[in-house]
Amino acid sequence: MKQTHRNHPTYWAFLLHRISGVLLAIFIPVHLYVLSLAVTDGALLDEFLRWSSTPIVKLMETGMVVMLAAHLTGGLRLLGLEFLGWVSWQKTMVALSVGISLAIGLVFLLNAD
Amino acid sequence: MIQNTVQSETWLWLAQRTSAVVLAVCIAVHLTTMIIAMQGGLSTAEIAGRISGNPMWLVFYGIFLTAVAIHAPIGMRTVLLESTQLSAKRVGLLTMLLGLFVFVLGVRTIFGLYQMVPAS
Amino acid sequence: MTEEMLQVSVWKGDAKGAFVTYQVRRQENQTVLDLVTHIQRHIDPGLSYRFACRVGVCGSCAMTVNGKARWTCRSHVSNVVEDGRIEIRPLESLPIVKDLVVDMTDFFDKWAKAKGSFEPTCSCNDEIAAVSPSDKKRRLADAGIECIGCGVCYAACDVVRWKPDYLGPAAMNRAWTLVNDVRDGGNDERLRAVAGDDGCLSCHSQQSCVERCPQKLNPTMAIAGLKRETIKAALKGKL
């Protein structure tokens with residue numbers, strides 16, 4: 001019954017930006033560690049890459065790409081607001097940000113082997 | 001990041017926004033590269049082959065990594081300060097460690113890949 | 001015509017109080033303030049609440065209605081009622097004095113802390129300042145000067161909720177109008193006051209303030225302007 005002051009697009013955009021940021025902050029150390037295997041244990045990395053070409057992993061990677069794209073596009077909206085004074089069309093920009101993120105995710109997924 | 005003066009907070013904020021702009025460019029390059037590289041499957045040899053001996057990638061990933069090592073810790077600092085009861089000092093320390101970890105791990109990998117002799 | 005009775009839950013007591021539900025007959029033209037007034041006059045004379053003008057120009061009657069901060073005199077029952085129920089509680093992020101009355105001290109203290117007051121640079125012996133209404137800075141200032149300090153934006157802001165020392169949208173919106181006032185001489189102090197984590201840099205542009213402001217002001221825009229000015233000041237070493 002209780003609606004709150006959080007029930008509007010620019011707030012959801014904030015939530016998405018924060019959640020995607022935290023997920024990325026967790027993902028990146030893992031990503032860099034896996035990548036470091038290329039130098040220290042190439043065979044292990046190749047095994048990992050084979051495992052990661054399974055559909056479920058590819059789907060999770062796509063999710064991470066969408067998070068990255070969402071954080072990026074949302075961040076661009078914020079930079080426009082803060083540095084260029086682009087205050088209008090906020091809801092449209094939020095919608096565009098989500099749309100572009102999903103599109104990028106799709107391109108990633110379709111190119112995944 | 002451990003101090004809490006108006007000046008230090010302002011510089012942190014500026015570093016966050018500046019690294020964000022750098023990352024916007026780097027991510028665009030990175031995503032495109034990955035989407036192309038992924039076609040036909042990824043392998044250690046393929047990754048090493050692209051980067052080894054190539055100063056352009058060395059510089060690119062160096063800049064990319066530095067920007068990440070600045071942006072992620074400052075971002076996590078804000079999140080932790082707002083959603084936990086940890087002191088500003090503790091949060092500053094934790095996030096600096098994150099940045100250091102990311103940077104050191106990343107630098108070793110980049111240089112390692114650059115110096116690798118590609119497998120024949 | 002069937003008589004519809006509204007279930008009106010009203011907060012009674014202080015922070016440790018509770019909701020009390022009253023039945024009020026629904027009318028064709030009825031505001032939430034009408035409901036509160038009816039309850040106090042005819043059902044519970046001990047109910048405490050604030051109001052003054054009753055016509056949407058003073059901002060005194062701001063309360064949280066069904067989860068949203070709004071002026072109760074300008075909230076038509078038909079626009080807020082849900083399933084015949086209305087929940088009325090005091091504004092958030094401000095200490096409750098009694099029932100629907102909050103202590104506005106913090107709100108106005110932060111206004112002062114943000115240097116939201118005019119610093120004159122001339123005396124009454126000087127010529128009246130000639131500022132064209134179409135001047136760029138004047139237009140920026142004019143966009144924010146209709147704030148009447150009702151506290152709705154402050155109550156709607158999550159950063160206010162998360163950071164007790166955060167200056168808040170109203171104080172900074174006012175600071176911005178003064179930053180753009182060419183007659184004002186206090187900007188060095190003012191930018192210092194609104195910089196940092198207690199000030200403009202903590203705004204996440206959630207824009208709940210923009211959503212809720214009954215005067216249709218844009219504190220997010222004002223705070224973004226302050227961000228630019230404080231960064232410029234920092235780069236010039238003036239912070």
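This report walks through the chain interfaces and a few local features of a predicted model.

## Confidence in chain A

Let's start with how far chain A can be trusted by the predictor's own score. Its mean pLDDT is 93, with 96% of the residues of chain A at 70 or more. Among the elements of chain A, the highest mean pLDDT, 96, belongs to helix H3 (residues 55-83), and the lowest, 90, to helix H2 (residues 42-51).

## Where chain B meets chain A

Here 33 residues of chain B touch 30 residues of chain A. The two chains bury about 2,600 Å² between them, and 77% of that lies on carbon and sulfur atoms. On the chain B side, B:Leu31, B:Met38 and B:Thr44 lose the most area to chain A, together accounting for 21% of what that side buries.

Turning to the polar side of this interface, two salt bridges are found between chain B and chain A. In a salt bridge between these chains, the side chain of A:Arg18 meets that of B:Glu82 at 2.8 Å, N to O. Five residue pairs are in polar contact, both partners having pLDDT 80 or more. Helix H1 (6-38), helix H2 (44-51), helix H3 (55-83) and helix H4 (88-115) of chain B each supply at least two residues of the side that touches chain A. H1(B) gives the most, with ten residues. By class, this side of chain B has 20 nonpolar, eleven polar and two charged residues.

## Where chain C meets chain B

Chain B also has chain C as a partner: 14 residues of chain C contact twelve residues of chain B. About 1,200 Å² is buried between chain C and chain B, 65% of it on carbon and sulfur atoms.

Two salt bridges cross the interface of chain C and chain B. The side chains of C:Asp197 and B:Arg77 form a salt bridge, 3.2 Å from N to O. Three residue pairs are in polar contact across this interface, both at pLDDT 80 or more. Helix H10 (residues 219-235) of chain C provides the largest share of the side that touches chain B, four residues. That side of chain C is made up of seven nonpolar, three polar and four charged residues.

## Two backbone details in chain C

Two loop residues are worth a look while you have the structure open. C:Asp83 is not a glycine, yet it has a positive phi of about 60°. C:Asp83 sits in the loop between helix H2 (77-80) and strand E5 (85-89) of chain C, and with 79% relative accessibility it counts as exposed.

C:Lys115, also not a glycine, has a positive phi of about 55°. The loop that holds C:Lys115 runs between helix H3 (105-113) and helix H4 (136-142) of chain C. Its relative accessibility is 31%, so C:Lys115 counts as partly exposed.

Technical notes:
Residues are numbered from 1 along each chain as its sequence is written. Chains are lettered from A and ligands numbered from 1 in the order in which they are written. Side-chain values use heavy atoms; hydrogens and water are left out. Contact means heavy atoms within 4.5 Å. Buried area is the accessible area (1.4 Å probe) that two parts lose on being put together, summed over both. A salt bridge is a side-chain nitrogen of Lys or Arg within 4 Å of a carboxyl oxygen of Asp or Glu. A polar contact is a pair of N or O atoms within 3.5 Å; within protein, one must be able to donate a hydrogen and the other to accept it, and residues adjacent in sequence count only if both atoms are side-chain atoms. Ala, Val, Leu, Ile, Met, Phe, Trp, Tyr, Cys and Pro count as nonpolar, Asp, Glu, Lys and Arg as charged, and the others, Gly among them, as polar. pLDDT is the predictor's confidence in each residue, from 0 to 100. Buried means under 20% relative accessible area, exposed over 50%, partly exposed in between (1.4 Å probe, protein chains only).
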